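Subject: A structure to look at, with notes

Hello,

Please find the structure we talked about just below, followed by notes on what turned up in it. You may want to keep the view open while you read, and turn it as each part is mentioned.

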Amino acid sequence: MPEDTNKASMRAVIYITIGGLLGSACLIVQGPLPGDVLVTRALQSIFGTPSWAMFLSDTAKLPILWGTLIVAILLAFVHGGWRHTATPVLALILAEILDALLRALVFAPRPSADVVAVASPSASSGFPSTFGLVYGALFGAAIRMASNRNIATATASTIALFLIAAGVIARVVLGGHWFSQIMASTFIGLALAAAVQIIMDA
């Protein structure tokens, strides 16, 4: 098994373990995990509810999602060449399927307006986070640790990590999800991307 495939397999296991444990805790507690309220209030005090957070939140939904997918494909190309441009597409399809499946089976309350600021109250489940699954799946292909890393691949990884971090912050400051909910979903999305990479590299 190639070295990069071994790394991808290890990443997939780590991602799904973290995402699974966090997600399970969210479902068991049915509310904020320790630190969630503190993180949300801290980020909201720093950023407020900026317009960029609203826009970034919409980039995981159609029709803007098409543009986000193009960005992810370009980053995947820079990181791994033409062979890896299909990874974001396949991972996104898996993320959308998993999101629909989990939403039909589980429920975890979103942040409450009487605890933290909530820009758009919603009665839907806070876990999974569609945004977290989508961003993890789309940009996971560009943050894999390849053996032939150079300035271009490092830049692609940095951009991908920045977009994921900015997206997580956006969803938290908007009160769309508890930090634990979106992080669990993001790690699961990253696991999907890693799994697709393993298949593509086989």
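Pro63 sits in the loop that joins H3 and H4, and the peptide bond leading into it from Leu62 is cis, with omega near 5°. Please bear in mind throughout that this is a predicted model. A cis bond also runs from Phe127 to Pro128, again with omega near 5°, and Pro128 belongs to the loop between H5 and H6. One further backbone feature is found at Gln30, which has a positive phi of about 55° although it is not a glycine. Gln30 lies in the loop between helix H1 (3–29) and helix H2 (36–47), and it is partly exposed, because its relative accessible area is 35%, which falls between the 20% limit for buried and the 50% limit for exposed.

As for the overall architecture, the protein chain has eight helices and zero strands, so that, read from the N terminus, its elements run α-α-α-α-α-α-α-α. The radius of gyration is 16 Å, close to the 17 Å that the globule rule gives for 202 residues, and the chain is therefore as compact as a globular protein of that length. Along the principal axes, the C-alpha atoms fill a box of roughly 50 × 35 × 30 Å. Of the 202 residues, 48% count as buried, and the accessible surface comes to about 9,400 Å², with 74% of it belonging to carbon and sulfur atoms. If you consider the contacts with a separation of 6 or more, 80% of them are made by residues 24 or more positions apart.

Which helix is a good one to examine for burial? I would suggest helix H6 (residues 130–139), which is mostly covered, with nine of its 10 residues buried. The buried residues include Phe131, Gly132, Leu133 and Val134, and also Tyr135, Gly136 and Leu138. The cover over them includes helix H3 (51–58), helix H4 (64–80), helix H5 (86–105), helix H7 (151–173) and helix H8 (179–201).

H6 also takes part in the largest nonpolar core, which has 34 residues, and of these Tyr15, Leu75, Val134, Tyr135, Leu138 and Phe139 touch the most other members. The elements that give two or more residues to this core are H1, H3, H4, H6, H7 and H8, and the largest share, nine residues, comes from H7. There is also a second, separate core of 11 residues, which includes Ala91, Phe127, Leu133 and Val196. To see the surroundings of one residue in detail, you could select Leu138, which touches Leu65, Thr68, Leu69, Ala72, Pro88 and Leu92 when residues up to four places away in sequence are not counted.

Helix H5 shows a clear division between its two sides. It has 20 residues and reaches 29 Å from its first C-alpha to its last, close to the 28 Å expected at 1.5 Å a residue. Its buried residues are Thr87, Pro88, Ala91, Leu92, Ala95, Asp99 and Leu102, and because they cover an arc of only 120° around the axis, they are on the same side of H5. On the other side of this helix, Ile97, Ala104 and Leu105 are exposed, whereas the buried residues of H5 pack against H4, H6 and H8.

Finally, two residues are worth selecting one after the other. Thr186 lies in helix H8 and counts as buried because its relative accessibility is 4%, which is under the 20% limit. Leaving aside neighbours within four places in sequence, Thr186 is in contact with Gly132, Leu133 and Gly136, and also with Ile164 and Val168. Leu22, by contrast, is found in helix H1 and is partly exposed, with a relative accessible area of 23%. Its contacts, with neighbours within four places in sequence again left aside, are Leu33, Ser180, Met183 and Ala184. The C-alpha atoms of Leu22 and Ile188 are separated by 10.0 Å, although these two residues are 166 residues apart along the chain.

With best wishes

Conventions: Residues numbered from 1 in each chain as written. Predicted model: local features only at pLDDT ≥ 70, side-chain atom pairs only at ≥ 80, totals over all residues. Heavy atoms only, no water. Buried < 20%, exposed > 50% of the residue type's maximum accessible area, 1.4 Å probe, protein only. Helix = DSSP H or I, 4+ residues; strand = E, 2+ residues; numbered from the N terminus. Contact = heavy atoms within 4.5 Å. Core = buried A, V, L, I, M, F, W, Y, C linked by side-chain atoms within 4.5 Å. Expected span 1.5 Å × (residues − 1). Arc of directions from axis to C-beta. Rg over C-alpha atoms; globule rule 2.2 N^0.38 Å. Areas by Shrake-Rupley, 256 points an atom, 1.4 Å probe, with all protein chains shown as cover.
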